[in-house]
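Hello,

Here is the structure I promised to pass on to you. Have a look at it first, and then read on for my notes.

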Amino acid sequence: MNKIAQIFDSLDYGPAPEAPDQAIAWLDARGRRFGHFIDGKWTSPGKTFTADNPATGASLAEITDGTPADVDAAVKAARAAFKSWSALSGYERGRYLYAIARMIQKHSRLFAVLETMDNGKPIRESRDADIPLVARHFYHHAGWATHLEREFPGMVPYGVCGQIIPWNFPLLMLAWKIAPALAAGNTVVLKPAEFTSLTALLFAEICERVGLPKGVVNIVTGQGDTGAAIVDHPGIDKIAFTGSTEVGKLIRAATAGTGKGLSLELGGKSPYIVFEDADLDSAVEGLVEAIWFNQGQVCCAGSRLLVQESIEERFIAKVKRRMASLRVGDPLDKSIDIGALVAPVQVERIRDLMKKGVAEGAVVYEPEGTVPAKGCFLKPALVTNVSPANTLVAEEIFGPVLVAMSFRTPEEAVALANNTRYGLAATLWSENINLALDIAPKLKAGVVWINGTNNFDAAVGFGGYKESGFGREGGREGMSVYLKPGWEKTLKATAPDTAPAKAGASRNPLDARHLDQTAKMYVGGRQARPDSGYSRPVLGPDGGLVGEVGEGNRKDIRNAVEAARAALGWGTVAAHARAQILYFLAENLDYRRDEFAARIAAQTGDDGADEVARAVERLFAFAGWADKYDGAVHNPPLRAIAAAMVEPLGVLGIVAPDRQPLLGSVALLAPAIAMGNTVVLVPSSRAPLSMTDFYQVLETSDVPAGVVNIVTGDSLTLAKTLAEHDGVDGLWFLGSAEGSAMVEKASVGNLKQTWTSRGLAYDLAAPQFAGDYLLAKATQVKNVWIPYGA
């Protein structure tokens with residue numbers, strides 16, 4: 001071996017410390033005590049808590065713990081600023097966002113050092129990843145502001161947005177939230193995480209420096225109670241939260257029935273899949289980035305390694321060798337790979353989970369070497385000998401812990417990858433592009449990286465499926481969550497129902513006139529009698545008995561959901577084929593238009609001919625949309641493209657309104673199945689016979705069994721069962737304000753996406769319901785990153 005080779009073989013990294021002088025000077029100049037930034041001014045510090053450097057334990061500053069009164073002042077300032085800010089042209093708002101981006105770039109090193117001191121992440125990550133991406137988001141959204149009216153016609157800002165961000169990417173999460181909100185014309189009340197408030201406060205100074213109008217951005221620091229005050233404040237129009245799934249569920253419950261917009265970016269347990277034909281050395285380097293970036297404190301961290309059995313031993317050996325070279329230490333040292341965790345409580349939480357996993361049979365490998373005796377440091381860990389039920393496999397650890405399992409076939413890899421309540425991200429490595437593009441759509445995750453990991457850009461949406469939340473950050477999808485249709489703000493409360501009362505206990509259930517049919521439910525492509533064994537009367541406008549339908553219960557819903565889940569292959573049927581079936585439905589309904597019109601008249605007293613015509617038209621409209629509402633190819637500034645794939649939610653529960661018994665169901669059913677969802681439909685409680693007739697149309701129109709299931713009964717009772725069912729992925733409810741609140745709150749269990757009418761008068765015959773308004777609610781976007789070039 002020559003001398004140079006010997007040097008490289010034995011070389012130890014020397015220290016390369018980043019000077020903290022300017023960050024310390026900034027803290028000292030402000031007396032290391034901070035109030036809030038409200039209405040363009042700094043408040044005097046109140047009751048405070050300490051911001052500590054997790055690498056040393058040293059106190060950095062005293063941060064004010066926000067009170068409900070502080071939040072109220074911030075909301076009032078944001079409300080007062082909203083009218084003038086939203087009235088600015090997109091170009092004018094874009095200039096402010098551009099100015100913010102320029103200021104962040106000019107002071108990037110100060111932001112990076114302060115972020116590392118406050119959070120514990122390596123300075124290389126703050127300097128080279130986080131802060132450049134922060135500036136990128138403000139530049140990107142300056143462009144969205146400029147072109148907003150052209151790209152989002154008829155859309156308006158929510159108003160005042162409450163934003164709550166986590167401690168793992170303090171400034172980046174702020175940028176993800178504030179940039180699109182301001183571009184859309186909203187004003188903001190933002191609470192940074194209690195562990196990491198300093199860069200948000202420095203950002204507030206940037207807002208001052210660029211002359212951002214007072215009240216447009218308000219920063220209120222504090223702990224959990226401060227966040228709760230923002231969520232609960234009646235003056236907030238939209239909540240955007242990034243954090244744990246547990247807190248996200250609390251927020252979903254707290255906002256139920258309030259009408260507040262809500263987007264949640266929550267936890268993850270992301271699979272990192274390595275196939276036998278992968279470039280193993282590249283996959284190892286990608287794995288280092290996936291799980292040990294930011295000490296594993298990343299919601300989309302590739303914390304579950306799934307490696308094909310044929311290469312498992314060789315790959316694990318490579319991983320262990322690479323782990324031995326990872327350097328743990330002072331995060332201000334530019335040669336460090338793994339810095340400090342954010343706080344002692346996080347270190348203890350990880351240790352407790354590790355003990356639990358070991359007690360369940362896990363084997364833990366840690367490389368040799370030491371970590372600093374002082375500060376919140378842990379070694380990188382590799383966990384093997386686990387089953388899918390092990391705590392370390394199932395739970396989000398949020399630390400430098402990798403859990404490894406093997407698989408034999410691609411099908412088994414997909415099954416293991418999707419065996420989680422989360423669905424934020426996934427990574428797969430393969431040199432076979434056909435295999436990679438076959439697997440990517442099968443992974444239930446909002447982001448999929450092929451032969452790479454942790455790729456982020458402002459032009460590409462980021463967000464999850466299932467209990468990883470809903471809504472997107474970045475790209476067109478991220479802009480849309482800060483906008484709503486202008487017509488929604490004009491909706492009025494539903495007029496009181498003047499229909500005759502239902503038959504009650506005073507009517508003999510056997511006292512029925514001649515019935516022309518026995519209306520059953522429709523489950524799994526077959527007519528089904530109700531499990532309850534009871535029927536409910538359907539009364540005409542004069543109170544006379546028109547017919548009877550089954551009284552659906554929890555078991556009927558269970559059967560319908562199981563049938564719908566068994567039919568989820570409908571989502572992979574070609575969009576052209578789905579369109580043809582919808583056209584066939586329209587044709588067959590039109591053929592029987594007189595019969596359906598007469599049924600509507602018998603139940604409601606209205607002329608049913610117009611309603612049938614509108615229902616046929618709506619089926620035609622969404623047949624036309626089925627193969628046209630598709631995705632896009634994003635162009636991030638990397639050697640990659642990101643394919644934004646529009647996918648169905650899965651099993652969609654639909655509780656139709658009482659009025660318009662045919663159109664009210666068909667107008668909702670058509671977009672749902674056009675996009676590939678399977679449906680459990682609860683038709684009008686008052687006039688369900690139109691939809692029990694409709695299953696005859698389904699049977700003659702080539703609709704596969706289980707794609708549409710119809711359960712009759714009391715709407716509120718069945719809506720609650722659907723909301724609580726973990727096999728339901730989304731739920732639409734058109735009914736009372738009280739029922740809407742109940743549905744939103746009951747959906748917390750698996751964080752299914754909900755759309756409710758909140759007691760407002762949604763006219764489903766209106767033209768806006770024939771387009772992308774409902775299509776967007778029936779779908780979710782998966783971004784698949786595909787690298788190209790050498």
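Which side chain meets that of Arg421 in a salt bridge? The partner is Glu467, with N and O 2.9 Å apart; a salt bridge here is a side-chain nitrogen of Lys or Arg within 4 Å of a carboxyl oxygen of Asp or Glu. Arg421 sits in the loop between helix 16 (410-417) and strand 17 (425-429), and Glu467 in the loop between strand 18 (447-450) and strand 19 (469-470), so the pair ties together parts that are 46 residues apart in sequence. Helices (H or I, at least four residues) and strands (E, at least two) are DSSP runs, numbered from the N terminus.

Before going further, please note that this is a predicted model: local features need pLDDT of at least 70, and side-chain atom pairs count only at pLDDT 80 or more, while totals for chains, interfaces and linings use all residues. Residues are numbered from 1 along each chain as its sequence is written, and side-chain values use heavy atoms, with hydrogens and water left out.

Back to the pair. Arg421 is partly exposed at 28% relative accessibility, whereas Glu467 is buried at 9%. The cut-offs are under 20% relative accessible area for buried, over 50% for exposed, and in between for partly exposed (1.4 Å probe, protein chains only). Both residues belong to a network of salt bridges that also links Glu246, Lys249 and Glu395.

The search of the whole structure finds 37 salt bridges. Among them is the one between Arg127 and Asp128, whose closest N and O atoms are 2.7 Å apart. Arg127 is partly exposed, with a relative accessible area of 24%, and Asp128 is partly exposed at 48%. Another joins Asp39 to Lys41, where the closest N and O atoms are 3.4 Å apart. Here Asp39 is partly exposed at 27% and Lys41 partly exposed at 43%.

What about disulfides? The search finds zero of them, taking a disulfide as a pair of cysteine sulfur atoms within 2.5 Å. For Cys161, the closest cysteine sulfur is in Cys207, 15 Å away and too far for a bond. The sulfur of Cys300 has its closest counterpart in Cys299, at 4.8 Å, which is also too far for a bond. Cys161 is buried, at 1% relative accessibility, and Cys300 is buried at 2%.

Now to the helices. Helix 12 (residues 280-292) has 13 residues and should span 18 Å at 1.5 Å a residue; its end C-alpha atoms are 18 Å apart, which agrees. The expected span is 1.5 Å times one less than the number of residues. Its buried residues are Leu280, Ala283, Val284, Gly286, Leu287, Val288, Ala290, Ile291 and Trp292. After helix 12 comes Asn294, with a positive phi near 55 degrees.

Helix 25 (residues 715-724) and helix 26 (residues 737-746) are also worth viewing, as their axes come within 8 Å and cross at roughly 20 degrees. That makes helix 25 roughly parallel to helix 26, the term for angles under 35 degrees (over 145 is roughly antiparallel, 65 to 115 roughly perpendicular and the rest oblique). Axes are lines fitted to C-alpha atoms, for helices over the stretch in contact, and angles run from 0 to 180 degrees between N-to-C directions.

Finally, Val680 lies in strand 28 (residues 678-682) and is buried, at 0% relative accessibility. Its C-alpha atom is 42 Å from that of Gln346, and the two residues are 334 residues apart along the chain.

Best wishes
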